[in-house]
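Visitor: I have a model open and would like to go through it piece by piece. Can you take questions as I scroll?
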Amino acid sequence: MNQPILELQNIRASYGSIEVLHGVNLSIGRGEVVALLGPNGAGKSTMIKVVSGLLRPTSGQLIVGGRDVTGAAASALARAGLCTIPEGRGIFPNLTVRENLLMATFSGHKLSDIEERTYSRFPRLSERRTQLAGTMSGGEQQMLSLARALATNPVILLLDELSMGLAPLIVAELYQQVAAIAAEGVSVLVVEQFARTVLGVADQAVLLAHGKVQVSGKASEIGEDVLAGAYLGS
Amino acid sequence: MQEFLTFTIIGLSTGAIYAVVASGLVVTYTTSGIFNLAHGATGMLAAFTYWQLRFDWNMPAPLALFITLFVLCPLFGVITERFVMRGLQGTSEVVRLSVTVALFAFMIGLANWIWPSDSSRKAFTKFFEGNTVSILGINISWHKLITFGCAILVAIVLRLLLFRTRMGVAMRAVVDDRSLTELNGGRPDRVAMFAWALSAMLAGLAGILLAGEQQLNIEPLVLLVINAYAAAIIGRLKNLPMTFAGAAVLGLLDAYYLEFSDKSWFPHSIMGFGISGMRASIPTIVLFVALLARPQTRLRAGIVRFREQNKVPSWSTSIMGAVALITITIAISGMLTRSNTLLLLNGFTFAIAALSLVPLTGYAGQMSLAPLTFAGLGAIAMSKLPGNGNLLTLIGAILIVAFVGALVALPALRLSGIYLALSTAAFAVLVTKLVFNQKQTFMSGNIAVPILDIPFVDINTPRGRLILTSIAFSTLGLGVVAIRRSRLGRRLIALKDSPVAAATLGMSLTRTKLAAFAISAGIAACAGALAGDKVSPQQFDFTQSLPIVLLAVVGGVGTVGGALFGGLMLGGNSVLATVVPTLKNVAKILPGTIGVTLGRNPNGAATQIAEAYRSLMNKWGLLSFVTAGGIGIWALDAQYVISHWAFFISGIFWLLAVTPNLLAIVNAPPVRRIIASIYLAIGVIVAISIDWDNAVDSTGKRLIALILLIALFGVGAQRLTEHAPRVHRASPDVIGLTTAFTDEELDHAERELGVVL
């Protein structure tokens with residue numbers, strides 16, 4: 001077992017006085033793809049917020065690459081190579097495609113490199129480089145948000161509900177790209193409400209419910225009955 | 001033709017200055033969502049600073065320019081962002097706007113303090129004074145050419161910055177999605193800081209250019225911003241090319257008006273109304289038209305949750321409060337000197353004006369910057385209507401002004417937020433410039449407002465008027481409470497909380513807004529109609545309305561008590577200036593200084609104190625401690641151990657500084673508990689042991705000492721205890737339970753619901 005790249009130790013997090021995560025433990029090895037599954041309100045998105053640095057945990061430790069980074073700012077984590085694609089569309093609708101890519105240069109990569117890699121993966125975005133991102137189709141917008149992950153070569157990629165509001169065909173296409181990113185050795189944490197779309201890509205799966213990890217194991221070993229149990233709350 | 005061209009050049013150069021100001025306004029609005037009313041005041045301060053360096057200390061112009069524009073202005077912008085604006089995230093537009101009003105008041109006070117108006121002040125000369133260049137036979141000063149050059153340069157630099165650099169793109173990105181910017185590795189706080197620094201530089205540049213043309217005067221430099229508002233609104237607060245075009249149009253209109261108004265055929269009055277105030281009103285009229293022509297903003301769906309929240313006032317508390325207020329006023333009115341009576345009277349008048357904002361701004365969330373304008377109209381109506389000030393005259397005045405208020409609201413109904421606030425500001429300026437200076441109204445002098453004539457009661461003394469105003473405030477306050485508790489009140493709250501939800505429930509937003517405006521104007525009219533003395537148009541000037549709005553928000557615009565607190569604070573501020581002349585300058589910047597702390601307590605001060613008292617309910621131990629302390633202080637007085645003044649000061653200190661902090665102290669961790677207790681005990685001992693009658697020689701100074709004591713010890717203790725760690729367990733009472741579910745109960749519930757597989 002290699003040293004984990006990302007580790008959550010007994011993380012608690014809350015909004016105001018309402019606690020959402022009641023002590024979550026999780027670890028992701030280098031190059032591993034971990035699927036984070038769970039029903040509505042399980043705390044999946046909160047966990048992504050904690051890992052990405054947007055929400056400070058009330059207790060527990062967040063360890064990236066062996067270093068304790070609990071409480072680090074989201075921007076600092078992003079510069080250190082943690083790429084987060086948030087829920088919804090991870091793009092700036094009132095900026096052009098090219099300006100959206102310019103925003104990815106905070107990672108330290110040159111704009112020309114980012115553009116080249118993006119347009120070679122998604123030729124469609126090349127045609128739209130001066131178009132406002134908000135005017136593109138949902139699939140194209142999600143391509144653009146994935147482009148940041150593709151082009152900046154992150155250490156860890158966090159994906160929150162990539163499939164939201166998209167046609168199944170496009171979702172499948174996007175997950176092929178996720179698989180390609182993972183193949184390059186990037187560790188990925190994917191949040192998905194629809195378990196079946198993601199289990200094909202993931203090595204490990206973690207089931208989150210009521211703010212706690214209920215089950216974790218090899219993705220292939222998580223069966224229908226376990227999922228149903230967690231989703232329906234037995 | 002030659003003349004026309006000359007005026008075109010003049011107009012365009014004025015427009016160039018407007019453009020520079022407006023672009024700074026747009027930069028901060030787009031990046032932080034804060035419409036900076038103090039933008040013109042920033043330029044004014046920069047112009048004064050430049051004057052100080054260049055003309056008073058004789059620095060070479062390039063050095064003075066560099067220090068002002070590239071060192072001090074950015075520094076000012078950064079400080080403003082870091083310490084004032086950053087705390088405003090998640091507050092409502094009312095609070096945000098009030099904070100910039102506070103900044104505005106602060107800066108004007110500061111300029112008045114450092115550079116008191118002085119006729120022998122060295123002149124502020126133009127750049128390369130006396131040099132002109134002739135183009136097409138027209139002489140243009142180098143200063144104007146430099147102005148053009150600056151505007152063009154600003155346009156090019158801003159364009160490149162916003163679209164070609166990562167910082168500029170990040171500035172626009174923050175507007176779209178703040179947290180996504182962070183996830184990309186951008187730092188929104190730094191971006192905002194940069195935007196504020198840039199904006200301050202632009203304001204400073206415009207201020208210096210304008211001062212060269214118009215000399216160094218606080219007012220024109222500050223009001224420059226109104227012209228810039230108009231330009232920025234034409235550009236819809238985001239489109240820079242449109243903003244520049246708007247600025248040019250404004251400059252040209254002004255220059256052409258100047259040219260044509262000298263002609264013999266130009267009318268000097270229309271239908272008996274003088275139009276001498278017309279020139280100054282042009283930008284305001286353009287602003288009004290631009291606002292009205294603006295496409296309607298879409299109603300935002302979903303719940304907008306603000307940090308400010310107010311409870312519904314109960315009848316028992318409200319009536320008790322009203323009776324207490326009247327009783328206390330009657331009791332102390334006998335002890336006050338004539339001048340103190342007038343000052344307190346002033347405070348109550350301000351409080352009524354502030355009260356007019358409670359239903360409109362506090363309940364319905366509609367911002368108005370014109371409470372005193374309606375008060376002025378009320379004063380005019382009261383003095384012109386027949387009846388010589390009997391109750392019917394008062395009612396007539398209220399109805400007329402309420403009607404005017406509704407009329408004003410009519411075109412403004414489709415606006416909301418900042419646009420609505422600006423349109424009320426435009427209305428206030430228009431009324432000041434065009435109505436208050438007519439011979440039918442003030443005739444630019446004083447008019448006598450008759451004292452309210454109540455049968456068999458003689459109130460023709462300051463004391464009588466003071467009691468009358470306190471009764472009027474209490475009555476109106478109860479009226480406002482009645483509105484809040486009625487169906488209309490719930491509609492007003494709905495209008496603030498979610499216009500979409502209210503509209504889908506079938507509520508007419510238009511009628512509700514009209515009602516809010518009419519009620520507010522009617523209450524404000526009372527403030528003017530009950531003046532009972534000579535009033536001058538300056539008292540109802542637009543700039544006088546701003547401190548009222550500000551202190552109403554500081555006091556807590558959502559509550560009647562907050563309005564009283566704000567009004568009395570504003571009145572008390574002038575006490576400070578008259579009683580202790582050395583503190584006059586501090587009094588100038590005080591309202592502004594108080595206001596910029598709003599980011600911390602958006603609910604207002606009155607609410608905060610009331611909350612602290614409410615939390616003591618049912619805590620019998622603490623309550624008996626409070627009572628025991630009060631009795632103890634009284635006993636010391638009764639036994640002649642301490643003087644009456646010491647009793648008064650320590651009593652108020654006990655109620656306002658010690659009592660509200662008790663619960664926090666009890667809940668604080670042990671070390672802080674001990675420190676805070678000792679700290680407050682020192683405050684009590686100081687308040688009791690000083691021989692106030694002999695040590696301090698005037699009533700005013702004693703009051704100020706009291707305020708300082710409360711500020712020092714009360715707020716200090718609050719800061720000491722507030723860092724207590726918060727418990728972040730899922731609190732069962734949040735979800736309406738007294739204890740958390742056990743696992744067995746959960747299993748049982750699931751079985752009952754049939755969700756177990």
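Guide: What follows is a short walk through this predicted model, one topic at a time.

Visitor: Start with chain B. How many helices and strands are there in chain B?
Guide: Chain B has 32 helices and 6 strands.

Visitor: And what share of the residues in chain B is buried?
Guide: Of the 757 residues in chain B, 48% are buried.

Visitor: Which domains is chain B divided into?
Guide: The assignment gives domain 1 (14-222), domain 2 (323-581) and domain 3 (616-722). The centres of domain 2 and domain 3 of chain B, taken over C-alpha atoms, are 34 Å apart.

Visitor: What about contacts in chain B, what percentage join residues at least 24 apart?
Guide: The figure is 79%, counted among contacts between residues at least 6 apart in sequence.

Visitor: Now helix packing. At what angle do H5 and H8 of chain B pack?
Guide: Helix H5 (residues 142-164) and helix H8 (residues 188-214) of chain B pack at about 165 degrees, and their axes are 10 Å apart. An angle over 145 degrees counts as roughly antiparallel, so that is what H5(B) is to H8(B).

Visitor: Is that crossing left-handed or right-handed?
Guide: The crossing of H5(B) and H8(B) is left-handed.

Visitor: Which residues make the contact?
Guide: H5(B) contributes His143(B), Thr147(B), Cys150(B) and Val154(B). From H8(B) come Leu202(B), Leu205(B), Leu209(B) and Gly212(B). By class, the contact of H5(B) with H8(B) has 5 nonpolar residues, 3 polar ones and no charged ones.

Visitor: The numbering in those lists goes up in small steps. Why would residues three or four places apart point the same way?
Guide: An α-helix has 3.6 residues a turn, so residues at that spacing end up pointing the same way.

Visitor: H8 also packs with H9. What are the angle and the axis distance there?
Guide: H8(B) and helix H9 (residues 218-234) of chain B pack at about 130 degrees, with axes 11 Å apart. That angle makes H8(B) oblique to H9(B).

Visitor: Left-handed or right-handed for H8 and H9 of chain B?
Guide: The crossing of H8(B) and H9(B) is right-handed. On the H8(B) side the contact is made by Gly207(B), Leu210(B), Ala211(B) and Gln214(B), and on the H9(B) side by Pro220(B), Leu221(B) and Leu224(B). These residues divide into 5 nonpolar, 2 polar and no charged.

Visitor: Switching to chain A. How many residues of helix H1 in chain A are buried?
Guide: In helix H1 (residues 44-52) of chain A, 8 of the 9 residues are buried, so the helix is largely enclosed by the rest of the structure. The buried residues include Lys44(A), Lys49(A), Met47(A) and Ile48(A).

Visitor: What comes just after H1(A)?
Guide: Gly53(A) does, with a positive phi of about 95 degrees.

Visitor: Positive phi in a glycine is one thing. What is phi for Asn10(A)?
Guide: Phi of Asn10(A) is near 50 degrees, a positive value in a residue other than glycine. Most residues other than glycine have a negative phi. Asn10(A) sits in strand E1 (residues 4-15) of chain A and is partly exposed, with 13 other C-beta atoms within 10 Å.

Visitor: And Asn58(B), what is phi there?
Guide: Phi of Asn58(B) is near 55 degrees, again a positive value in a residue other than glycine. Asn58(B) lies in the loop between helix H2 (39-56) and H3 of chain B. Asn58(B) counts as exposed because it has 9 C-beta neighbours inside 10 Å.

Visitor: Back to chain A for Arg98(A). Where is its place?
Guide: Arg98(A) is in helix H3 (residues 97-103) of chain A. Arg98(A) is partly exposed, with 18 other C-beta atoms within 10 Å.

Visitor: What is Arg98(A) in contact with, leaving aside neighbours within four places in sequence?
Guide: Arg129(A) and Thr130(A). The C-alpha atoms of Arg98(A) and Leu132(A), 34 residues apart along the chain, are separated by 9.0 Å.

Visitor: Last one, Ile674(B). Buried or exposed?
Guide: Ile674(B) is exposed, with 12 other C-beta atoms within 10 Å. It lies in helix H29 (residues 670-689) of chain B. From Ile674(B) to Leu514(B), 160 residues apart in sequence, the C-alpha to C-alpha distance is 54 Å.

Methods: Residues are numbered from 1 along each chain as its sequence is written. Chains are lettered from A and ligands numbered from 1 in the order in which they are written. This is a predicted model: local features need pLDDT of at least 70, side-chain atom pairs count only at pLDDT 80 or more; totals for chains, interfaces and linings use all residues. Axes are lines fitted to C-alpha atoms, for helices over the stretch in contact, and angles run from 0 to 180 degrees between N-to-C directions. Helices (H or I, at least four residues) and strands (E, at least two) are DSSP runs, numbered from the N terminus. Angles under 35 degrees count as roughly parallel, over 145 as roughly antiparallel, 65 to 115 as roughly perpendicular and the rest as oblique. A crossing is left-handed if the near helix is turned anticlockwise from the far one by less than a right angle, and right-handed if clockwise. Two residues are in contact if their C-beta atoms, placed from the backbone, lie within 7 Å. Ala, Val, Leu, Ile, Met, Phe, Trp, Tyr, Cys and Pro count as nonpolar, Asp, Glu, Lys and Arg as charged, and the others, Gly among them, as polar. Domain bounds come from an automatic or database domain assignment. A residue is buried if 20 or more other C-beta atoms lie within 10 Å of its own, exposed if 12 or fewer, and partly exposed in between; C-beta atoms are placed from the backbone.
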